[in-house]
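User: Please take a close look at the sheet in this model, covering its strand order, its pairings and the residues around it. I would also like the side-chain links elsewhere in the chain to be set beside it.

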Amino acid sequence: MKFSSIAIIILQNIKIWIFKALSLEHKLVPYKVLISLTNQCNSRCVYCDIWKINSEDKSKLQAELKLEELDSVFSDLGEHLIWLSLSGGEVTLVPYFKEMVLSAKKHCKNLKVFTFTTNALAPDRAVEYAIFTKKLGLDVFITISLDGDEETHDALRGIKGNFKKCVRLYEMLRTAGVNAHYGVTVGDGNEQFIKNDFPKMASMIRSVTFVHSGGIYHKENASDNSIMLKSLALINNCYKISNLSEIIEKIHIKVSYFMLQNNMKKSIIPCDVLNSSIHIMPYGEIKPCMYMPEIGNIRQSGILKSLMGPFSAKSKADIKNDQCPHCWMNCYSPYSIMQHPFLAIKYLFREIK
């Protein structure tokens, strides 16, 4: 990440601390926005049924976000938006990708960081989009989902040949000078891959999460926590920090372990969504995160009005009282870690036994 990006994110976190100290949280506008562009997906993952949504009801695809609606979002956010993250479904399937990036760049003068996750099933398109965005001067980071060796990954993702496309995309992005890494979702189906292959791939797999239920997974998963705990412990032992942002990911991995060990009963590090980040869903719902109730919809109220409204205030109170679903996903956790650095550092040095 560029020094200028790091500097502005640090300043934003200082601003949030000051607003909290002055009891002005209700006036905060998140600097990071995650947009789930579509439920459309060409993967058939074992742990996720999001791909079924549009295939079971064709009208739902037509109801998803349109370019002009996203243009309104970026216009509304203006100078507040610093970090734009895209998710799905599969982001490379939307037809307006480049136009959307240009809209964000036009309206959001402080936009610095641009990230998206991809299943790599359209590697040439993913590279084209990444290079296009980088040429606009943004800090671009691409996460390629990789959950196993060739046999395991293709089985978990439900698409033959997916693993080879992941490897191809990684090599293409690195050759093009785009920051890219693999991201692994820890489940009870890739234990052997993590045990056998993660140690030698640790320098390439820099993003780690574990299987959840609900949310964008659109499925209830009954994973074996004991298996996932073993995998997270091994990942933690192999994960070496090489830059500042990876300190945050290392903390994320450790907290993942302790959260899962406690069966996700409570938050270990207080959640900071709505202050630092917000999530926009494919039908325009504005949410603190994918698990909490919507606070508004961009089609009715717009982001800024929703953030200052009663549903946002209730969600903030629920979060403060730890009355939330207790997820721990790296689309939200870094911003909570940055807002609670002393508590986070405590977990950085806490030993996993």
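The sheet is described below, followed by the salt bridges and the cysteines.

Analyst: The model is predicted, and the account that follows rests on values computed from it.

The sheet is open and has nine strands. Their order is β6-β5-β4-β3-β2-β1-β7-β8-β9, and the pairing is mixed. At the edges stand β6, residues 205-210, and β9, residues 296-297, each of which pairs on one side only.

A suitable place to begin is strand β7, residues 277-280, which runs parallel to strand β1, residues 32-36, with four bridges joining the two. Within this pairing, Leu34 stands opposite His279, and Ile35 stands opposite Ile280. With strand β8, residues 285-287, β7 pairs in the antiparallel sense, over two bridges. Here Ile280 has Ile286 of β8 as its bridge partner. Ile280 is thus placed opposite Ile35 in the one pairing and is bridged to Ile286 in the other.

The burial of β7 can be read face by face. In a regular strand, side chains alternate between the two faces of the sheet. In β7 both faces are covered: Ser277 and His279 are buried on one side, and Ile278 and Ile280 are buried on the other.

The connection from β7 to β8 is a hairpin with four residues between the strands. In this hairpin Gly284 takes a positive phi near 90°. Gly284 also appears among the residues touched by Asn297, as do Tyr283, Glu285 and Ile286. Asn297 belongs to strand β9, which is one of the two edge strands. Is Asn297 buried or exposed? Its relative accessible area is 10%, and because this is under the 20% limit, Asn297 counts as buried. Further along the chain, Asn297 also touches Gly302 and Ser306. In addition, a polar atom of the Asn297 side chain lies 2.9 Å from the backbone nitrogen of Arg299. Ile286, then, is touched by Asn297 and is also the bridge partner of Ile280.

Elsewhere in the sheet, strand β2, residues 83-87, and β3 pair in the parallel sense over four bridges. One of the residue pairs there is Leu84 with its bridge partner Phe114 in β3. β3 is mostly covered, with five of its six residues buried. Helix α6 packs on the sheet and touches both β3, residues 113-118, and β4. The direction of α6 makes about 160° with that of β4.

Helix α6 also leads to the salt bridges, of which there are 11 in the count. One of them joins Lys98 to Glu128, with the closest N and O atoms 2.6 Å apart. Lys98 lies in helix α5, residues 97-107, and Glu128 lies in helix α6, residues 123-134, so that this pair, 30 residues apart, links distant parts of the chain. Lys98 is partly exposed, with a relative accessible area of 26%. Glu128 is likewise partly exposed, at 39% relative accessibility.

A second salt bridge involves Arg157 and Asp147, whose closest N and O atoms are 2.8 Å apart. Arg157 is in helix α7, residues 150-157, whereas Asp147 is in the loop between β4, residues 139-145, and α7, so the pair ties together parts that are 10 residues apart in sequence. Both Arg157 and Asp147 are buried.

A third salt bridge is formed by the side chains of Asp197 and Lys200, at 3.2 Å from N to O. Asp197 counts as buried, at 14% relative accessibility, while Lys200 counts as exposed, at 61%.

The cysteines supply no further links, as the structure holds zero disulfides. For Cys45, the nearest cysteine sulfur is that of Cys48, 5.8 Å away. Because a disulfide requires two cysteine sulfur atoms within 2.5 Å, Cys45 is in no disulfide. Cys289 is in no disulfide either, and the nearest cysteine sulfur, that of Cys327, is 4.9 Å away. Cys45 counts as buried at 14% relative accessibility, and Cys289 counts as buried at 5%.

Key: Residues are numbered from 1 along each chain as its sequence is written. This is a predicted model: local features need pLDDT of at least 70, side-chain atom pairs count only at pLDDT 80 or more; totals for chains, interfaces and linings use all residues. Side-chain values use heavy atoms; hydrogens and water are left out. Buried means under 20% relative accessible area, exposed over 50%, partly exposed in between (1.4 Å probe, protein chains only). A salt bridge is a side-chain nitrogen of Lys or Arg within 4 Å of a carboxyl oxygen of Asp or Glu. Two strands pair if DSSP finds at least two bridges between them. Contact means heavy atoms within 4.5 Å. Axes are lines fitted to C-alpha atoms, for helices over the stretch in contact, and angles run from 0 to 180 degrees between N-to-C directions. A polar contact is a pair of N or O atoms within 3.5 Å; within protein, one must be able to donate a hydrogen and the other to accept it, and residues adjacent in sequence count only if both atoms are side-chain atoms. Lists of a residue's contacts leave out its neighbours within four places in sequence.
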